[in-house]
Amino acid sequence: FDSYNSNYYLGGISSGAGVLLSFNTTSNTPSFISNAPMSNISEIDMSTGKIYNLSVDSVGYISVNEYDIYTGDEIVLGIISEPGVNGIVTDALSIDANNGILYYVGFDNSPATCLYAIPVRDQVFSWTKTTLLTTAAGNNFSSVHYDNVNNILFASNAEYNSSGNYTGNKVVEINTTSGEVIERGLLAGFPYYLGGSSSFDQNSGSFLLVAYDSFFNEKMI
């Protein structure tokens, strides 16, 4: 969602090609952009209106791509090299729209859970990697969101004990400098979550996530 321009975007496939559906929530006007890049690992820069996504064309190489909605231009900003890493974590991408830094929570070849920081507005492509300092034996980070008002990176973290048993889902804050994972609260009473359903209200600082209780009732928390 491009909140500065009130445009809601949804990627899809039509006749085997990627398309982008746009709906303006102020005028209630839909539009259709053909031959647009499609990815479920995408994020929009609210300051520039450009869409960024990650893709893997071969094992160990993650492409960082930029798509300009208004011109239709798509370019590869650069490649992150992580030998042995195969695939990307979905729903783990967010952007600091104030400074143009794309954040991705994924794995390296250790394997360790890391925070990748990619300045997407710089003339020269670069990236940094910070190992996350987790407090549980197993972690599954998703629903990554950047609070552009308070400059804080948030995520949902499903934790597992040393036996591999699920112990709960927490909303956490990730220190983008040190990699420290700070617990904000346990989402008790919700054993299941709907992937790709989260959002963040920049005005109120509310983290929104669709979840299911033990009776499989769908709720917004």
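**Exercise 1. Look at Glu 159 and Lys 170: what kind of contact do their side chains make, and which strands hold them?**

Step 1. The side chains of Glu 159 and Lys 170 come together in a salt bridge, 3.2 Å from N to O. (A salt bridge here is a side-chain nitrogen of Lys or Arg within 4 Å of a carboxyl oxygen of Asp or Glu.)

Step 2. Glu 159 sits in strand β13 (residues 152–160) and Lys 170 in strand β14 (residues 166–174), so this pair ties together parts 11 residues apart in sequence. (Helices, H or I with at least four residues, and strands, E with at least two, are DSSP runs numbered from the N terminus.)

Step 3. Both Glu 159 and Lys 170 are buried. (Buried is under 20% relative accessible area, exposed is over 50%, and partly exposed lies in between, using a 1.4 Å probe and protein chains only.)

A quick note on the ground rules: this is a predicted model, where local features need pLDDT of at least 70 and side-chain atom pairs count only at pLDDT 80 or more, while totals for chains, interfaces and linings use all residues. Residues are numbered from 1 along each chain as its sequence is written, and side-chain values use heavy atoms, leaving out hydrogens and water.

**Exercise 2. Which residues do shared salt-bridge partners join into one network?**

Step 1. Start with Lys 129 and Glu 82: they form a salt bridge whose closest N and O atoms are 2.9 Å apart. That links distant parts of the chain, with Lys 129 in strand β11 (residues 128–131) and Glu 82 in the loop between β7 (74–81) and β8 (93–96), 47 residues apart.

Step 2. Now check Asp 108, which also meets Lys 129 in a salt bridge (3.3 Å, N to O). Asp 108 is in the loop between β9 (101–107) and β10 (113–119), 21 residues from Lys 129.

Step 3. Compare burial. Lys 129 is partly exposed at 35% relative accessible area, whereas Glu 82 is buried at 3% and Asp 108 is buried at 7%.

Step 4. Put it together: Glu 82, Asp 108 and Lys 129 make one network through shared partners. The full salt-bridge count is 8.

**Exercise 3. In what order do the strands of the open sheet run, and which are the edge strands?**

Step 1. The order is β1-β2-β3, three strands with antiparallel pairing. (Two strands pair if DSSP finds at least two bridges between them.)

Step 2. The edges are β1 (7–14) and β3 (29–34), each pairing on one side only.

Step 3. For a closer look, β2 (residues 17–24) and β3 pair over 6 bridges, and Val 19 stands opposite Ser 34 in β3.
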